[in-house]
Amino acid sequence: MSKGRDAILASIRGALDAGRAAGWAPPASQPPDFHDVETRYLDDHDPEALRVRFQDRLVKLGDSVRRIRVADVQEEVEAFSRERGLQSGVAEAAAIELTGTSARRSLANDKTTMFAADHALVLADYGVAETGTLVFVHAPGRSRLITIAPPLQLVVLRASTLLPDLVDALAIMRDVDPANSVAWITGSSRTADIDGILIRGAHGPKELAIFMIEDA
Amino acid sequence: MKQSKRVGVVDVEAIGIGKSESSRASVRSASEKKVVSRAMALEAEVENSADLRLEAAARRQHVIDHLDEYLLAAEKSMTDNGIQVHWAADQEEAQQLVVKLCHDAGVKRIAKSKSMVSEEIHLNGALEAAGMEVVETDLGEFVVQLDNDHPSHIVTPIIHKSRKDVAATFAREGISEYNEDPEALTMAARRHLRSVFMSADCGITGANFIVAETGRLVTVSNEGNLRLTSNTPRLHIAMTGIEKIVATEADLALLLKLLARSATGQSLTVYTQFLGGPRASGDPDGPDAMHVILLDNGRTNLLGGRYREMLRCIRCGACLNVCPVYRAVTGHGYGSVYPGPMGAIFSPLLGGEESRRKYAYLPKASSLCGACEEVCPVAIPIPKMLVALREESMRMHMPGPGGTPPWAPWSMLATSPGIWKVALESGRAIGWGPARIAPVAAFQRWLQHHDLPAWPRQSFRSWWKKRDAEGDS
């Protein structure tokens, strides 16, 4: 604890008291004057509408979403991996279990392997239709680097987990232990720092290939 | 350091023959593009954007008006999550804190992701002086650091540089062969910085928000360097201003939607991270220790007075992009860490009496057109505050940089028609205004980032006479 703490709190209280005395600031006890504004952009619970919107958003961001049946997921992921000549990836156990594809990728999750991998196979916990966002809840034991270090991301997502709006994605966090981190990923890494020209794969993945399992 | 050509007392390169013209043009076109994408993202996509802005303002202001309570709640939540919380009253205390944390952990190399607060307290210099290597990892900041330059925009730091400038920098520094292709340049930086992430012992980032209820740090980034910086090294230090607290995660729906749309016209930034704490046992990665530094540095001076609404600012940069003055003088023209309309208020008010004097001229750098207030996602009445600051600086007798200008020569010129004419004609003949060649240090410093208009070939009077003589009608 630094010596600054008490000094800062004292000057905050001093300033707020002065502000209250002068009528700048509201009384300390006054409840917030909030209004219910419609922050929700999308309130559509029709499963097909959500899927179409989610796919559309990611395609607009330059990434791909394949809508597949659960029975086809192994074959689809394998075919994609062959086509891209993927050799040395890293994977989450849950994604391997769901897709049944353990060739070409390992469960090793040390930094060196993560940075050297040519791709990652991961399972997203939720998707957000409004923005095309993938939600990763970092329960204990889950790698944070796996979704950022490898340049190509094969992301498996259950269509039944699609949420309409970011408001819903924030509501879910009430049930997550505050000490657990959550990552929202909306498209591939990008920069426009040089002459305003959009370049993908600035530091993170250049491409997301999403395999959306139609499970409901 | 860059070499300058000097003619007498005049730094020819600094007065910007050729170079600054192109830099201003890139700032102007980039700003205009961003204004269009913001309008498309906000006004076309979000029906009630005006209501949203007012509500966002109300929620930010509520926290600021009860800042002591929310800070204590945030501190408790973060501590419960295993995050170590520190408070820094000013620049000196903040620098010492970071240096000590790094020193105690035996840090040699630091990966840094863009943080305006770290710019505000001039952190890099302090860390380097303590013998540590600091590498900026945001692409724009990386270039700025290689060039020994300063960022000219709070969201897009190298808005003033072209691809040619970046190519030359990378070639000079051995990052890559000279290549003007933005893709090749970006990939070269990616390759170079990956080794930095792997070898750094510490990552330093900012934080866009801290949630009081859960103690999570919220960070946004498009490149992803922030995620690598905060999760690869064994130590993570996040620094932010004391005003960046939000009450609950539910408030973020509003703020994140407005932030991304206002900053870049995206509906959401690519990476939004809610950092709950350091790695837990069994986690394969994440930092072993996580520290948050809450910086005051003059923010409490704003709290109780007429500038308290400024603390709502979420650093989106929308007010810079629309500002006619920002577009004309670029970020460097302000001579302060925070440029543009928000900078014209923060720069004199943050950091105490010295800043107040040093930046007393900034609130005057505005036409008071009101565009900044119109686009502000948290509805800050910027023009009103600029006027208030001007008024106060007059009352406090704060002259511009370099002291009160020497008015005596001017008054002699302006009150003697004969001398006035001769001066005008000779100025026209050599094409330089007195300010350009005046051996006054303040003028010359000013000219490093500003241009004076070119002299017209003839005066209006002589043009009028000639026109009459030629019988045009």
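Start with chain B and colour its two domains, 48-300 as domain 1 and 417-469 as domain 2; the bounds come from an automatic or database domain assignment. Put a marker at the centre of each, taken over C-alpha atoms, and the two markers sit 46 Å apart.

Before going on, keep in mind that this is a predicted model, where local features need pLDDT of at least 70, side-chain atom pairs count only at pLDDT 80 or more, and totals for chains, interfaces and linings use all residues. Residues are numbered from 1 along each chain as its sequence is written, with chains lettered from A and ligands numbered from 1 in the order in which they are written.

**Next stop: helix 3 of chain A**

Select residues 73-84 of chain A, which form helix 3. (Helices are DSSP runs of H or I with at least four residues, strands are runs of E with at least two, and both are numbered from the N terminus.) Its twelve residues reach 17 Å from first C-alpha to last, close to the 16 Å expected at 1.5 Å a residue; that expected span is 1.5 Å times one less than the number of residues.

Now show side chains for A:Val73, A:Val77 and A:Ser81, the buried residues of this helix. Buried means 20 or more other C-beta atoms within 10 Å of a residue's own, exposed means 12 or fewer, and partly exposed is in between, with C-beta atoms placed from the backbone. They share one side of helix 3 of chain A because they cover an arc of only 60° around the axis, the arc being that of the directions from the helix axis to the C-beta atoms.

Spin the view to the face turned away from the buried side, and you find exposed A:Ala79, A:Arg82 and A:Glu83. Just after the helix comes A:Gly85, with a positive phi near 65°.

**Across to the other chain**

Pick B:Val270, in the loop between helix 11 (252-264) and strand 11 (271-275) of chain B. B:Val270 is buried, with 26 other C-beta atoms within 10 Å. Leaving out residues up to four places away in sequence, its contacts (C-beta atoms, placed from the backbone, within 7 Å) include A:Ile185, A:Arg190 and B:Asn222.

Follow on into strand 11 of chain B, which pairs with strand 9 (residues 182-185) of chain A in the antiparallel sense over four bridges; pairing takes at least two DSSP bridges between two strands. Here A:Trp184 stands opposite B:Thr272.

Finally, select the whole contact: 79 residues from chain B and 64 from chain A. On the chain B side, helix 9 (residues 182-199) gives the most, with eight residues.

Methods
Contact = placed C-beta atoms within 7 Å.
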